[in-house]
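Here are a few exercises to work through with the structure open beside you. Try each task before you read its solution.

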Amino acid sequence: MLVGYSSSSEEESEEAAASAQSESCSSQCQEEEEDGKDGSPARKKPKTEEQVPKASRLPLPGCLLAMFPEDVDSQTEEPALHGGRIRSFKHERGNWATYVYLPYHPEEEFMELLEELLSATRAHGVDLSLQEEFHLSLSQTVVLRHHWIQPFTQSLRTGLVHCKRFVCSAGRLRVYCNAERTRTFLGMEVCTGHAQLLDLVQSVDRTMTEFRLDTFYKDPSFHVSLAWCVGDMTAQMEECIQELQSLIDDHEEGPFLLRLNCVELRCRTGNKTFSFPLEP
C-alpha cells in the first residue's frame, strides 16, 4: 500500500501551528522570569521542545515504482529512444494507450519474403524497419484511464461472446501513413474474410461508444502492417510498390497469401494484454 504524503498546503498549516506554539511558549517563559525579579519565588523555566528540522521527502522504493509501469520517466518521450517514433498523444500518468487486434504469428517463409521486400525498398532509398509484432487492427488507438480497464475489457468480452472463429487472407501490398504524417507503413491488405472482420469491429465499436471513445474507421482497409519508417514516405513507396508486389505474385511456390487464423481477439492497454477467445 502506498503511504499518502501531505500536500504543500497541509505542510504550511503544520509549520504555522508549530510557530504559534513556539511563540506562546516564549511569551510564557518571559513572564516567569519577570516574576522572579520582583522578589517572588522564581518558578522553574519550562523546557521548550527542540525544533526538529522537517525531514526531506524520501523517494519511493524501486519495488513500488515497478508496480505502476505507466508512470514512465520523461526520457521515454524522447523519439531517439524509440527509433524516431513520435507519440500520437502525450503520455500522462494514469492514461493507458489501448487498442484491439487480431494477432498474426508468421511462418519462416513469410519472414524470408519480408527480407526480400525490405532489400528492394532500400534499393529505392527507403529504409524500412520490421514490425516488432504482426497483427490486424480492429480499433483505433484510444486512451483509457486506469480504473476503466476492468469494465472496458468486461464489456468487450460480453460483446464478443457469440462471435465465431474464421480464417482471412491477405496478398495485396499497400502503403499507409498515419494521420499525423509521422510514420509510413508497408502493409498487406485483406482479400477474404472482410465481412467477418466488419462484424468484429461492430462489436468492438459498441464498447468504444459505451466509453465515449473513437470508433473504427467507417470504410476500413483491413491489413497487417509489415514494416515502417519515420516520416511521410508515401510518394517514394508508391514508386516501387509494383516491384514489391511482383515479389509477392512471383513467389517460387505461387502467389504468396498471408493466412490469418482468427481464433482470438486481444486488447493491449499499457503493458497489459487481454485475450478473448472466439467461439469454435
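## Exercise 1: a short-range salt bridge

Arginine 266 counts as partly exposed, because its relative accessibility is 22% and that class runs between the limits for buried (under 20% relative accessible area) and exposed (over 50%), using a 1.4 Å probe and protein chains only. A word on the ground rules: this is a predicted model, where local features need pLDDT of at least 70, side-chain atom pairs count only at pLDDT 80 or more, and totals for chains, interfaces and linings use all residues. Residues are numbered from 1 along each chain as its sequence is written, and side-chain values use heavy atoms, with hydrogens and water left out.

**Task.** Work out which side chain meets arginine 266 in a salt bridge, and classify the partner as buried or exposed.

**Solution.**
- Step 1: look for a side-chain nitrogen of Lys or Arg within 4 Å of a carboxyl oxygen of Asp or Glu, which is what a salt bridge means here.
- Step 2: the partner is glutamate 264, at 2.8 Å from N to O.
- Step 3: glutamate 264 has a relative accessible area of 17%, so it is buried.
- Step 4: for the wider picture, the count comes to 5 salt bridges, and shared partners join Arg172, Arg174 and Glu189 into one network.

## Exercise 2: bridges across the chain

**Task.** Find which parts of the chain are linked by the pair arginine 268 and glutamate 133, then do likewise for aspartate 232 and arginine 181.

**Solution.**
- Step 1: arginine 268 and glutamate 133 meet in a salt bridge at 3.0 Å, N to O.
- Step 2: arginine 268 is in strand 9 (residues 264–269), while glutamate 133 is in the loop between strand 2 (129–130) and strand 3 (134–137), 135 residues apart. Helices (H or I, at least four residues) and strands (E, at least two) are DSSP runs, numbered from the N terminus.
- Step 3: check exposure. Arginine 268 is partly exposed at 24% relative accessible area, and glutamate 133 is partly exposed at 28%.
- Step 4: the side chains of aspartate 232 and arginine 181 also form a salt bridge, 3.0 Å from N to O. Aspartate 232 sits in the loop between strand 7 and helix 6 (234–249) and arginine 181 in the loop between strand 5 (166–177) and strand 6 (183–192), so this pair ties together parts 51 residues apart in sequence.
- Step 5: aspartate 232 is partly exposed at 35%, and arginine 181 is partly exposed at 44%.

## Exercise 3: ring against ring

**Task.** Say how the tyrosine 99 and tyrosine 101 rings are arranged, then how phenylalanine 152 and phenylalanine 211 are.

**Solution.**
- Step 1: rings of Phe, Tyr and Trp (its six-membered ring) pair if their centres lie within 6.5 Å; planes under 30 degrees apart are stacked, over 60 edge-to-face, and the rest tilted. The structure holds 8 such aromatic pairs.
- Step 2: the tyrosine 99 and tyrosine 101 centres are 5.3 Å apart with planes at 35°, so the pair is tilted. Both tyrosine 99 and tyrosine 101 are buried.
- Step 3: phenylalanine 152 and phenylalanine 211 are edge-to-face, with 5.4 Å between centres and 70° between planes.
- Step 4: phenylalanine 152 lies in helix 4 (residues 149–159) and phenylalanine 211 in the loop between helix 5 (194–210) and strand 7 (223–230), so they tie together parts 59 residues apart in sequence. Phenylalanine 152 and phenylalanine 211 are both buried.
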